[in-house]
Amino acid sequence: MKASPTDVLTGIYYIDGDVAAGYGALAAGCKLVAGYPITPSTEAFEAMCRMGPQVGTVFIQMEDEFGSISAVLGAVWSGVKSMTITSGPGYSLMMESIGFGAMLETPFVLLNIQRGGPSTGVPTKTGQADMMQSRWGSHGDYELIAISPDSPQEMFDYTIKAFNLAEKYRCPVMIMSDECVGHMTEKVVIPEADKIEIEPRRFYKGPPEKYLPFSPDPDLVPKIAKAGDGLGLYITGRVHDERGYPVKNEEFKAKYVRRLVDKIRLNKDKIIELKEESTDDADVVVVSYGISSRVAVKGVEIARQKGIKVGALRLVTVWPFPDEKIIDLAKKVKAFVVPEINYGQIVFDVARCCHGQANVVLIPHGGAGVHNPLDISDAIESAAKEDKKIEGVVEFKTRLEKIVFERGLKFKE
Amino acid sequence: MKAKETKTKEIQSVPSKKGEIHPMENLLRMDRMPHIWCPSCGIGLAVTAFASALEKANIDPDKISIVSGIGCTGRVAGYVKLDSFHTTHGRPIAFGTGIRVANPKIKVVVFSGDGDLIAIGGNHFIHAARRNIDMLVVCVNNFIYAMTGGQVAPTTPLAAYATTSPYGCVEPPFNIPYIADSSGAVYVARWTTLHIRRLINSLAEALQKKGFSVVEVISPCGMYYSRINKLGDGLDMMKFYHDNVEIRHGEDTKNLDIGFQTKIICGKFVDRERPSYMERYNQWLSGVKGGSRDEG
């Protein structure tokens, strides 16, 4: 299905990533945006409030993040596409309802413009430390999809993709961007509506008396319905059977929660998008996502000038994790270098898939800034020279850490 | 309640004679009976009153979404044959706001308890009232957290016992009609489960009202509140309501505090007009292309 021409703000823009994501949501047919202001994500919400009414999208600023995500879930069940926007502390507050959304198999999109944490952290500067939270933040077993764009153009493109994946797999989709990408202003091209592919909602169209809201199709995803159609929906966060009725024995739990997990795990191949470059004969592969992948380009370039065979693997889809790809590469390469703006999150999944077959080097960053490309090239260089196998994750000592911990830091600095 | 439960079981086990069905079968999920509520609980009465009010108000049940949170009253959504949403603790009003704003053709009814709506969901309650979202909120108040076994609630009267106020509740309770009134609700009433006829009329009236309406239903909790406070069983509570309720329509909501075993003032306290959220939204955005939405 093509996007509706009335939803797409076709043109060439010079806008930041936040605004681009907002325009992407409108193009994808998002008809309700509920949010709560939080730096550095506010511009996306503002853009949708400003432009939304022009394409028939309703906006509401809720009283807190619990409210905004709950309103989004309500809106989806009333039949529209919906999105909420937040950052760090707000994301933490939304965790319960992310699990609720996964349990109800509610297609919705959450844009998280990550900032420095923990707690209030550094609200105005970048971070990538919510990656594990996006996967494991809500209690119980569930799977969802997380995407990490690295430019304003991608913020537009991948917000549309996020909506499409949400509809296709009836699950929450997280756009795990960060302050750098959110506040980066670049050229964004919004194409004509007929160039934008939109996944329609999988509405049930059969006889009302036969409708089972949680009876899956062969791809494990059930057809959805909406309130007001006379189907007598019963939607609950309790473990439920195909009718939606609560059940509490272990057999039913095994059957229904298993499917929540399997509908993502078994469709992984169709969901995962990676960008791979020169990994065929590489000694070292840089695995990165979001803003770090953009910085890594320079690091890789410097290392190549020194004659090192280095490839790059960019995780556009971070969750589900591309296990098979890493397992496959681990057989061929000497080491993986993982720059991320945290003290080790995705790097542990890389190490898990390596099975000790390749060394794994983390280039940490505490946040409030991005990596120095020279650190990345140095890490690549030393990983390429390392001949012995090292167990576990090796931490690369960055220039920043040397300055802070070896020379010391005075308060006035 | 007991009598009703037996009747329900009879319907399930004995094949009914032609034309003999439960009078509310079209509005209840009979395949989910028997329900979980204890003997002497008043929630069933509140549901019966609501179902009768729906018929009385003559609203198309297909266009109603009933949203509950967590707790004993949170289970109501699951027993009513409407589009039912059993949401997370405290969030039914926010969830309902999403339904109503995204699809104004749907009438939202939030049916939940005092803990769900006034404690954990208190913020959503006052803000939905302030916005005047089109929504009927039925708040069943049994003065206690019953689902978890009798803990103190924001409505527990001063000095009443609960498992987490074993020396008597030291916190003054909320006066729900007063919060609703001062936050901007357009319709506020309070009844007990003894006043079924008046409750039905009030719910029917509130269902037809445009804007944020609140009906508080005082309900006996024989298993926890009455037992812990030695107030007898459900029937004793009903007798207490009979002897101690005073009906004062139009009473200033400031005067509606409920103390431990004191007089309970019931009635319709607020009935006024104020533009609803969607009315203002449509009016102010009518100049913007695509700005306004059709209301049901």
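Chain A splits into two domains, domain 1 (11-195) and domain 2 (274-407). Keep in mind that this is a predicted model. The C-alpha centres of the two domains sit 27 Å apart, and their contact takes 23 residues from domain 1 and 21 residues from domain 2.

Here is what builds the domain 1 side of that contact. These elements of chain A each give two or more residues to it:

| Element of chain A | Residues |
|---|---|
| strand S6 | 122-126 |
| helix H5 | 131-136 |
| strand S7 | 145-147 |
| strand S8 | 172-178 |
| helix H7 | 179-182 |

Helix H5 of chain A chips in the largest share, with 4 residues. By character, the domain 1 side divides into 11 nonpolar, 7 polar and 5 charged residues.

Now for the core. The largest nonpolar core has 213 residues, and it draws at least three residues from each of domain 1 and domain 2 of chain A. Among the residues with the most contacts inside this core are A:Val109, A:Ile145, A:Phe336 and B:Val138. Leaving out residues up to four places away in sequence, B:Val138 touches B:Ala46, B:Phe50, B:Val109, B:Phe111, B:Val215 and B:Val217.

And then there's A:Lys270, which lies in helix H9 (residues 268-271) of chain A. Is A:Lys270 buried or exposed? A:Lys270 is exposed, because just 11 other C-beta atoms lie within 10 Å, and a residue counts as exposed at 12 or fewer. A:Lys270 and A:Ser288 are 18 residues apart in sequence, with 21 Å between their C-alpha atoms.

Conventions. Residues are numbered from 1 along each chain as its sequence is written. Chains are lettered from A and ligands numbered from 1 in the order in which they are written. This is a predicted model: local features need pLDDT of at least 70, side-chain atom pairs count only at pLDDT 80 or more; totals for chains, interfaces and linings use all residues. A nonpolar core is a set of buried Ala, Val, Leu, Ile, Met, Phe, Trp, Tyr and Cys residues joined through C-beta atoms within 7 Å. A residue is buried if 20 or more other C-beta atoms lie within 10 Å of its own, exposed if 12 or fewer, and partly exposed in between; C-beta atoms are placed from the backbone. Domain bounds come from an automatic or database domain assignment. Two residues are in contact if their C-beta atoms, placed from the backbone, lie within 7 Å. Helices (H or I, at least four residues) and strands (E, at least two) are DSSP runs, numbered from the N terminus. Ala, Val, Leu, Ile, Met, Phe, Trp, Tyr, Cys and Pro count as nonpolar, Asp, Glu, Lys and Arg as charged, and the others, Gly among them, as polar.
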